[in-house]
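Here is a set of exercises to work through with the coordinates open beside you. Try each task before you read its solution.

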Amino acid sequence: MEELKRVIPITLKRMIFESTHEDLSSTCSSLLDFLLPLPLFHDVVQGLTNPEMAVCHKNTKAALDFKQKGNDCFSSGDYAKALTLYSQGLRFAPMEADDADKSLVTVLYANRASSLHKMGLLVECIRDCGRALLLTPSYAKAWYRRGMAKASMANYEEAVCDLNVALDMELSLCRKAQIKCEIDTILDHCRRTKGTGSPGDSSSERNVGSYSNSISMIDELRPKVLHCVSTTTKGRGMASLINIAKASLVHTEEPYAAIILKHCRETHCHFCFNELPADIVPCSSCSIPSYCSQHCQVQAGGQFGSSPNNALIPENISKNFEMAETSPSNSGYIVADANINCIPEHKHECGGVHWPVVLPSEIVLAGRVLVKSIEQRRHSSLTSKPIESLDLFHNYAQMTPENKLELHIYSIVLTHCLQRYYGSIFPLTGTSASQVVILISQIKVNSMAIVHMKSVEEYSSSKQSGPQLSRVTNVEQVRVGLAIYSVGSLFNHSCQPNIHAYFLSRSLSIRSTEFVAAGQPLELSYGPQIGQMTLMDRHQSLEDQYAFKCKCSGCSELNLSDLVVNAFRCVQPNCFGAVLDICLSKHEKQKVSYVQGVSTICSFECNLPVDKLKIEDINNVAHVLFQQTSGTLRIHPGYCLNCGSQRDLESSHATVKQARIYVKRLRDAIDSKQVSINALSDVLRSLDLLRSTIHSYNKEIAEAEDIIAEAFCSLGEFQAAIDHCKASIEILEKLYTANHIVIGNELVKLASIQLSMGESTVVETIDRLEKIFSMHYGPHATSIFPYLQTLKGEYANSLRSSTLLLECN
């Protein structure tokens, strides 16, 4: 794309730079007229749309190569590597081809099942055997492998059933004898244990993917309570018709269109966005996507196969086959769902073309939105609205000149890609390209990042427990996808939100985090929040990404976080006042202008809006702001907001900069697992410098405390880690609120350290953790954060162990 940018004439660039959305049809037509005769343009689009030039098409030779390498690794005992190679082979193996290619796919699934069995992944092994049998019902090795996996799971009745089919279908006398021996061993074991196991013992009962399972967990919604409103400061938004209690589920929604982000392509399902299992399912027509199940593959636009052809089964063994095929644990391995009423979102990207891999995610998402609109016009029975009726806001006029040019080029390229698939239905014209420009602008403003929570566990040896490894758990947010939600896009932003968005697979759920009165706007965070960033940084971030000036309550009220998050401390030892630098003081002064031009501050009851929840805390750090003045806001850079003492800002910045160097070194040492006592000592001295220079509630101290806690954990000094972890949480509680989700994430770490120490106070931490997560995620908290139950279970086990030890003594 950079090469195309460079060859565009300056006059045409200037026309695009200065364009408004009313000019788009003209500017897109002019750019298209310039590009169409250009050989470079045709080279670019050929590389994106010609399957012969791409590396994404199916390739039998590549699949055979991966299969052979997988066999070599399996023979040498490297089952994990073999598993990876067989999966790669499946991505390239043609599935909708002749019998030879179908046989290759069958063998790859069966071989991968063997690797899975060797690795102890029995459920995944059973699923892969089912996939092999779906393609080739007479494949004896798949029946045998599935039977042995079920036997390993103590599901003996079904294991014998599968092995009997394998015995009937096996042609080799030697192999028949081996299978007969396995059956006799299982039957003998059953006779000795006086039972044959229950068919329900197998945990492979359904293979419809984690996406459908997650949907069924959504708790019951109240009657429709949301309506669209218009406000003078924010325009369109969403509000409730009735009062909403804290922690209420107010909205759930499937995406209008969604796309996986590039960095998650190898680790997450391309449809439901959950983490991929070991037995990934590839696309049936190209080598790009991987799915967690056949269900997700079909939903995305593929077709795994149909039911086994029983006519191919010899008549003398059809009884055993029928018994095995209809057993409860196998009822879900065939998923040809004729009732799926969705528009396949990947189908137009399939066939080996390269553009879905190369183009940015938001451009590919724009293509999916356009395709859905086209298909909706074809299928009028579908209930979802076409994209034109969603009335999404765009920010084209506020874009930088370079972004406008880039958008024009991507729009023409995407239009060309879609035209190659749809032909005359989606013509390559300036008008079509101009519609794509607007759509991409809308996606930039209205799309939502699909975020999943991930627990990260680190193990270290505790000095108290000796060689025993102790686990410390942390929480990370992972951005896995990008989506357009037709209703979700209507919610406005606030840096101090009253609702929380979370995702179950790709489904959006929104829950209230506080009581919301009827008619009050329901507002999400678009990323920047009070406590996380200063007012200045929030405004810059929101303007860069969404091109609007935030006028939420958090940006128009004096609040504790904005005063202290990056503040210095007063030079007077007994004063708790905050000292702001030039940038912070400038932005805090601007808050007054948001409220009807008021700039006079008299008292709490006067016109200056104040965060009512933290009035006392604000008064402690900025008492001077609430003294009567002569009409000016008394915020002066370098002067204490409590007593007026002056601080040397230049030397203070230099001190903080030096301390940061040592904190960063410790962070790098932790990441490389090379923490030393010397590095830790340097940071502890730097922490003392920070405490004497910046305010006690400054977020930089909280971050340093957190890093130091992590370093102590890595050295097995858990009591010191607990102390520093608690110190970090105490600051964050001031910057956010006591029940903010950020506090919950930090409590996960604290609870795991306390558990490693065997502290009884861990139960209080876990109870508080459950309360916070339940408020934000409702009944899904334990499914999103399964380690909640793990922590409670481990604490209960530690109590039992302690009791037994005392009894023994």
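The exercises below concern a predicted model, and each one is followed by a worked solution.

**Exercise 1. Getting an overview**

Find how many helices and strands the chain has, and what percentage of its residues are buried.

Solution.
- Start with the secondary structure: the chain contains 31 helices and 14 strands.
- Next, turn to burial. Of the 809 residues, 53% are buried.
- Then look at the surface, where about 35,600 Å² is exposed and carbon and sulfur atoms supply 52% of that area.
- Finish with the contacts. Among those with a separation of 6 or more, 70% are between residues 24 or more positions apart.

**Exercise 2. An open sheet and its edges**

Work out the strand order in the four-stranded open sheet, and decide which strands stand at its edges.

Solution.
- Trace the sheet across: the order is β1-β2-β12-β9, with mixed pairing.
- Now count partners. β1 (226-231) and β9 (492-493) each have a single partner strand, so one side of each lacks a neighbour in the sheet.
- Move to the interior: β2 (residues 235-240) and β12 (residues 521-524) run antiparallel and are joined by two bridges. Across this pairing, M238 stands opposite L522.
- Finally, inspect N492, which belongs to strand β9. Its relative accessibility is 14%, and the cut-off for burial is under 20%, so N492 counts as buried.
- Beyond its neighbours within four places in sequence, N492 has contacts that include G235, G237, L522 and L524.

**Exercise 3. A hairpin**

Describe how β10 and β11 are connected, and find the turn residue with a positive phi.

Solution.
- Begin with the pairing: β10 (residues 499-504) runs antiparallel to β11 (residues 507-512), and six bridges join them.
- Check the register at one end, where I499 stands opposite S512.
- Look at the turn. Two residues lie between the strands of this hairpin, and S505 in the turn has a positive phi of about 60 degrees.
- Last, consider cover: five of the six residues in β10 are buried.

**Exercise 4. Cysteines without a bond**

Decide how many disulfides the model has, and test C555 as a candidate.

Solution.
- The count of disulfides comes to zero.
- For C555, the nearest cysteine sulfur is that of C495, at 3.6 Å. The cut-off is 2.5 Å, and C555 is in no disulfide.
- Add the environment: C555 is buried, with a relative accessible area of 0%. C417 is buried as well, at 3%.

**Exercise 5. Nonpolar cores**

Identify which residues touch the most other members of the largest nonpolar core, and which helix gives this core its largest share.

Solution.
- The largest core has 73 residues, and those touching the most other members are L563, L666, F773, Y777 and F785.
- Helix α26 (residues 699-714) provides the largest share, with nine residues.
- Zoom in on F785: leaving out residues up to four places away in sequence, F785 touches M453, V475, F773 and Y777.
- A separate second core holds 53 residues, including C73, V165, I179 and C272.
- As background, nonpolar side chains tend to be buried together in soluble globular proteins.

**Exercise 6. Salt bridges between helices**

For D562, E705 and D706, find the salt-bridge partner of each.

Solution.
- Set the scene: the structure holds 30 salt bridges.
- D562 pairs with R538, their closest N and O atoms being 2.8 Å apart. The two sit 24 residues apart, D562 in helix α21 (residues 560-564) and R538 in helix α19 (residues 535-546). Both are buried.
- E705 meets R691 at 2.4 Å, N to O. E705 lies in α26 and R691 in α25 (residues 677-693), so the pair ties together parts 14 residues apart in sequence. E705 is buried at 2% relative accessibility, whereas R691 is partly exposed at 36%.
- D706 pairs with K749, the closest N and O atoms being 2.5 Å apart. This pair links α26 to α28 (residues 741-757) across 43 residues. K749 counts as buried at 4%, and D706 counts as buried at 16%.
- To round off, find the network: R112, R127, D128, R131 and D279 are linked by salt bridges.

Terms used
Residues are numbered from 1 along each chain as its sequence is written. This is a predicted model: local features need pLDDT of at least 70, side-chain atom pairs count only at pLDDT 80 or more; totals for chains, interfaces and linings use all residues. Side-chain values use heavy atoms; hydrogens and water are left out. Buried means under 20% relative accessible area, exposed over 50%, partly exposed in between (1.4 Å probe, protein chains only). Contact means heavy atoms within 4.5 Å. Accessible areas come from the Shrake-Rupley method with a 1.4 Å probe; for residues, only the protein chains shown count as cover. Two strands pair if DSSP finds at least two bridges between them. A nonpolar core is a set of buried Ala, Val, Leu, Ile, Met, Phe, Trp, Tyr and Cys residues joined through side-chain atoms within 4.5 Å. A salt bridge is a side-chain nitrogen of Lys or Arg within 4 Å of a carboxyl oxygen of Asp or Glu.
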